[in-house]
Amino acid sequence: MTKYTLSGLTAEELQAIQEAAPELRIETGEGGIPVSFRREGQGLGVRCAGGVRTIRYDTRNALMRALGLLVEQDRLHPGTDYDMEETPAFRTLGAMLDNSRNAVMKVETVKKACRLLSLMGYNTLMLYTEDMYEIEGEPYFGYMRGRFNSADWKEMDDYAALMGIELVPCIQTLAHLEAILRWPAYGGLKDCDNILTVGDDRVYELIDKMLATMSKNVRSRRIHIGMDEAGMLGRGQYLRRNGYRSNHQIMLEHLTRVVELCRKYDYQPIMWSDMFFSMSSPIEAYYDKNTVIPEEVIKLVPPEVTLTFWDYYHLDPTIYDHMIDQHRRFHNPMLFAGGAWKWSGLTPVNHFGQKVAKVALERLRDKEVDQVMVTAWGDNGGECSVFAVLPTLQTYAEGCWSGDLSDEHLSRRLKTCADADLEGFLDLDLANYPPNRNDNDTESINCSRYLLYQDALAGLFDRLIVEGTDAQYASYVPVLEKRQAENPRWAYLFETQKALCHALAVKSELGLKLKKAYDAGDRAALASLADHDIPEAVQRVEALAEAVRHQWLTDNKRFGLDVQQIRYGGLCARLEEAARAVRDYLDGRVEAIDELEQKRLFFDCRPDDDGQDIRIQPNVWSQMVTVNTL
């Protein structure tokens with residue numbers, strides 16, 4: 001392991017480097033290669049001339065990134081001179097990590113993320129917390145869900161600051177609050193769905209407590225207050241109390257009151273911008289190019305509010321141009337949020353995520369957007385590890401600093417910053433590539449999720465499955481085994497995907513085989529399925545569940561694991577029921593198997609003759625496993 005002797009650093013800067021040294025696989029101390037540091041200029045500079053190494057930097061995150069670049073150059077070109085300069089295109093480069101969809105990161109995991117993000121060059125971290133923080137006097141807020149307490153926040157905040165990262169609270173003050181609104185203690189605050197009742201003084205008392213809690217726990221004076229996707233705003237309890245008012249009026253009334261509370265704590269609020277756009281669109285669509293936001297609405301948005309334009313989807317650069325131009329009509333700062341796709345199930349969607357990122361970053365740089373973050377949501381259970389999307393996180397970092405988004409450059413940088421192999425990490429996506437997928441990575445397909453969870457007897461997705469799917473998944477297992485060996489630090493991520501493909505190598509075509517044998521009256525095939533294939537599927541799903549448990553407990557608190565185990569336990573129970581149903585039928589105890597009597601329909605209701613295009617993206621477990629009320 002290479003050792004470096006560092007000079008010119010403050011005690012705190014040296015401590016930050018010592019924290020990150022194991023990530024870079026280096027040592028620091030006496031007797032190593034001398035490196036001198038100086039704080040000057042803008043951005044960073046890394047130089048080796050005649051064997052003399054120097055680093056200049058202007059901020060802590062520039063210092064950390066520069067150190068990684070120096071180590072990288074020494075490994076790539078030992079004994080040669082180099083001279084590198086980088087100036088960031090964005091003054092804010094942030095990551096937002098979801099901690100509200102069951103998966104709540106351990107404090108040590110947050111610290112690990114801080115180290116990696118710092119080496120990449122990030123200067124901002126948001127932890128998305130709907131109800132996942134402890135509020136004094138609100139015992140049901142985040143109850144039994146793994147909420148962060150005051151000590152957690154202060155420890156994470158101090159560590160992030162050490163690594164040159166501003167920890168910015170990211171909460172919700174309007175919608176996405178179903179987790180607390182389930183409790184009778186908060187029932188009176190509910191408008192409808194997951195939305196708070198605007199105008200109710202008790203709502204603002206609660207929001208005041210939210211802001212007071214974060215103000216006490218985290219040093220940043222920026223705070224993300226949410227306010228997105230409240231489509232039914234003012235249509236429930238608010239309507240009964242106040243009569244009909246336009247969503248714009250209700251939204252601006254609420255925003256004004258929340259911003260007043262933010263001022264009380266000297267906060268600079270940030271919010272998602274979609275409500276202003278969707279409320280102005282005839283088709284209630286965020287990205288509707290025909291949307292014209294009324295000037296009177298624009299004028300009433302408090303000027304200190306930063307508006308977050310989010311887009312995780314589009315490969316058309318003109319959509320970004322249009323949306324940026326529309327945001328600039330407001331008299332407000334703008335922040336762009338892209339996506340690191342970990343919210344589509346257990347398997348990441350890195351190929352598509354990177355492709356979208358490269359389009360977005362080109363437009364952001366060209367249009368001189370100066371605040372950018374990448375979100376890592378965890379919709380419907382938080383199954384996927386945040387570290388599975390390291391390629392996309394690295395892509396945004398390079399989009400900010402070097403501007404080089406080539407695979408060759410990203411591969412070098414990812415290996416340096418995270419000891420991760422780019423090609424190997426892209427293969428974490430493999431479970432979403434069945435044989436009938438041919439979209440060239442232009443879609444965010446998550447077929448691994450519904451092929452795993454769907455009921456073998458009901459076969460809700462069987463019309464999308466082609467013969468050879470089992471064999472395709474079997475072929476991925478040795479590929480992932482090889483990638484696992486090449487990425488020992490991240491072996492647990494590859495173990496999970498390997499176990500998933502191993503399970504799908506039996507499970508994916510099971511419903512097809514049951515239906516085919518049943519319709520043909522092939523009793524021998526049915527017996528073989530009941531006695532061999534289904535028990536093998538159960539065994540492999542149980543092994544997958546164990547890998548998922550290990551991955552979960554490596555990254556997260558225990559809370560939320562119950563949902564994963566309920567899902568896998570239910571899957572195994574239904575597989576065993578399928579075997580029992582077949583045996584009952586073969587032994588004459590029943591005359592028919594009800595589910596297998598039914599014609600298979602397309603899940604997305606397409607016409608019967610519309611082919612087996614796999615490109616659908618359902619993502620709600622309860623809708624995948626049954627059409628019955630769950």
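# A tour of the predicted model, starting at L510

Select L510 and show its neighbours: leaving aside residues up to four places away in sequence, L510 touches A456, L529, D533, I534, A537 and L575, where contact means heavy atoms within 4.5 Å. This is a predicted model, in which local features need pLDDT of at least 70 and side-chain atom pairs count only at pLDDT 80 or more, while totals for chains, interfaces and linings use all residues. Residues are numbered from 1 along each chain as its sequence is written, and side-chain values use heavy atoms, with hydrogens and water left out.

**Stop 1: helix α19**

L510 belongs to helix α19; helices (H or I, at least four residues) and strands (E, at least two) are DSSP runs, numbered from the N terminus. With a relative accessible area of 1%, L510 is buried. Buried means under 20% relative accessible area, exposed over 50%, and partly exposed in between, using a 1.4 Å probe and protein chains only. Add D462 to the selection: its C-alpha atom is separated from that of L510 by 9.1 Å, and the two residues are 48 apart along the chain.

Now select the whole of α19, residues 510–520. Its buried residues are L510, G511, L514, K515, A517 and Y518. What covers them? The cover includes α18 (491–507), α20 (523–555), α21 (561–586) and α22 (594–597). Just after the helix comes G521, with a positive phi near 65°.

**Stop 2: the open sheet**

Go next to the sheet of 6 strands, which is open and has the order β2-β1-β3-β5-β4-β6 with mixed pairing. At its edges are β2 (26–28) and β6 (82–86), each of which pairs on one side only. From one strand to the next, the twist averages 25°. Two strands count as paired if DSSP finds at least two bridges between them. Strands of a sheet pair through backbone hydrogen bonds, either parallel or antiparallel.

For one pairing, select β4 (residues 44–49) and β5 (residues 52–57), which run antiparallel and are joined by 6 bridges. Within that pairing, L44 has Y57 of β5 as its bridge partner.

Which strands does helix α1 lie across? Select residues 11–24 to see α1, which lies across β1 (2–7), β2, β3 (33–39) and β5. Relative to β2, the helix runs at about 155°. Such axes are lines fitted to C-alpha atoms, for helices over the stretch in contact, and angles run from 0 to 180 degrees between N-to-C directions.

**Stop 3: salt bridges**

How many salt bridges does the structure hold? There are 66, each being a side-chain nitrogen of Lys or Arg within 4 Å of a carboxyl oxygen of Asp or Glu. Side chains of opposite charge can pair when their charged atoms come close.

Stay with α1 and select E23 together with R489, whose side chains meet in a salt bridge at 2.4 Å, N to O. The pair links distant parts of the chain, 466 residues apart: E23 is in helix α1, and R489 is in the loop between α17 (469–486) and α18. E23 counts as buried because its relative accessibility is 6%. R489, at 26%, counts as partly exposed.

Move on to R101 and E130, a salt bridge whose closest N and O atoms are 3.7 Å apart. R101 lies in the loop between β7 (92–98) and α3 (107–120), and E130 in the loop between β8 and α4, 29 residues apart. Buried or exposed? R101 and E130 are both buried.

A further pair is R329 with E295, at 3.3 Å between the closest N and O atoms. R329 is in the loop between α11 (317–327) and β13 (334–339), while E295 is in helix α10 (residues 295–300). R329 is partly exposed at 28%, and E295 is partly exposed at 35%.

To see a network of salt bridges, select R65, E72, E86, E398, E408, R412 and R413.

**Stop 4: the loop between β8 and α4**

Select T129, found in the loop between β8 and α4. T129 counts as buried because its relative accessibility is 0%. Among the residues that T129 touches are N99, S100, W153 and M214, not counting residues up to four places away in sequence.

In the loop between β8 (124–128) and α4 (150–162), select Y140. Y140 is partly exposed, with a relative accessible area of 37%.
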